[in-house]
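This report covers one long-helix region and two individual positions. The sequence and the model are shown first.

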Amino acid sequence: MKIKKEINLFAGMFTAEEIYRYGDIILLLGHIIYLVLFYRFGVYQMVYYNYFSVAFYAAMYFLLHFKKIGKMSFTYLVLGEIIVHACMGAYYIGWSAGFTQIMLCIIPIPFFIVQNRKAIPYILSSFDVVVFIVMRIIVTNRVAPYSFDTNRENILYIYNTLCSFIIIIYVSSIYIFTNEHNKREAKAQNEKLQKLATIDPLTQLFNRRAMMDFIKKIESNSRRTNSVYSMCLGDIDDFKHVNDTYGHEVGDKVLRAVSDVIAGNVPSEGYVCRWGGEEILFVVPNTDTESCEKIAKSICQKIHECTFKENSRSFNISMTFGVYSVTPNENYDEGISKVDKLLYKGKNQGKNCVVSK
C-alpha cells in the first residue's frame, strides 16, 4: 500500500525562530524593569544605558521577525550587551549587587550556536571569564560611585539572581530543544533511508524487496493460525505498445495511475508492491480465492474504465490478473510461481481478465 505522507516532525514544538524571539522578549522586559529600578535608585548612568538596551532589544525583535538578522549575529550582539550591562552595573554599584554573576550564566550559550569554526564558542566563553576576573579585580579595589542601604542592595541582588535563574532556564531550554531537534532529524533521516530501501520511487508502492519481507511474515502467521492468504499478480496489457506509441513519460503516468487504483482498492490489511516492470502484486492475509478474485475483478474493471489523454489522442488500457490462495502447507515461493502461471494463462486467454485456481 502507499506510504502516508510524512507528518510534520515539529508539530507541537517551538520553532528555532520562536525561541530566539521569546528570548529577546524576556531580555526586553528584563531591561525595562532594570530601567525602572535604576531610575528609582538614582543611578542615571545605568538609566541612560538601559534606554539604549530597551531600544536595542525592541529593534532586535523586529529584525528577527522579518528575518533581517541571522541567529549567530543576534546572539553575538546580545552576549555583548549582557556583558557590558553587567560590567557597568558592577562598576557603578559594586560587586555585591550580583550583576557579574549573570556573566557566568551566559557561558554555555555560544556552544548551542551552529558554528563554522568550532573554536569560536571557546573563544567567546574564555573572553567572558577573562572580563569577569578583570572586573573582580577592578571593582574590589575601588569604592563604587553609588552606595545603597541594605534593602536597596538586596533588591538589586535578588533581581540579578532572578535574572541569572531565568537565563539558566532559558539555556537549559535551548539544550532540550537542540537535543530533541537532533533526535527528530536523525529519526527523519532514518525514515527517509528506510523509505528509499522499501518504496518504489515511481509508483510509491512497496518494492519487491519489502514485499518479500511482508510475505514471509504473512506466511508465518498463516501457519500459526492455520489460515490461507491470497496473492494477486497483475500485468498491464500491451504496455510496450503504450510506451512505443505515446512515449515513456506517458507510460510512467499510466503506471502511476494503475498503482493508485490498485492501492486504493486493496483492503487495509493487504500489501501492494511493484513486482517488476509493469507487474503489480498484492497480498491479502486471511482471504480465500473467491474474495481475492472479487477484489481483482473490481480493480480490473476500474482500470479499464480509466481514460488517458495525450495531446488530442485518448486511449484506455486493460490489465490481466492471476489469483491464487496459499494454504498453510505451501511455501510462499510456490504461491508466487503458481500465481505467475495463472497470470500468463489469462494473457493467453485474451487479456483483460482475472484467472484463478
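## Helix α6 and two positions

The buried residues of α6 pack against three other helices, namely α1 (16-41), α3 (71-93) and α4 (101-105). The model is a predicted one. The residues of α6 that count as buried are Leu156, Tyr159, Asn160, Cys163, Ser164, Ile167, Val171, Ile174 and Phe177. An α-helix has 3.6 residues a turn, so residues three or four places apart point the same way.

Helix α6 is made up of 49 residues, and the distance from its first C-alpha to its last is 71 Å, close to the 72 Å expected at 1.5 Å a residue. Its N-terminal end is capped by Asp149, with a side-chain oxygen 3.2 Å from the backbone nitrogen of Asn151.

Two positions, one in α6 and one in α7, are listed below.

| Residue | Helix | Relative accessible area |
|---|---|---|
| Ile168 | α6 (residues 150-198) | 42%, partly exposed |
| Ser222 | α7 (residues 208-225) | 2%, buried |

Ile168 is classed as partly exposed because its relative accessible area of 42% falls between the limits of 20% and 50%. The C-alpha atom of Ile168 lies 66 Å from that of Val323, and the two residues are 155 apart along the chain.

Ser222 counts as buried because its relative accessibility is 2%, which is under the 20% limit. Leaving aside residues up to four places away in sequence, Ser222 touches Ser227, Val228, Tyr229, Thr327 and Pro328.

Technical notes
Residues are numbered from 1 along each chain as its sequence is written. This is a predicted model: local features need pLDDT of at least 70, side-chain atom pairs count only at pLDDT 80 or more; totals for chains, interfaces and linings use all residues. Side-chain values use heavy atoms; hydrogens and water are left out. Helices (H or I, at least four residues) and strands (E, at least two) are DSSP runs, numbered from the N terminus. Buried means under 20% relative accessible area, exposed over 50%, partly exposed in between (1.4 Å probe, protein chains only). Contact means heavy atoms within 4.5 Å. The expected span of a helix is 1.5 Å times one less than its number of residues. A polar contact is a pair of N or O atoms within 3.5 Å; within protein, one must be able to donate a hydrogen and the other to accept it, and residues adjacent in sequence count only if both atoms are side-chain atoms.
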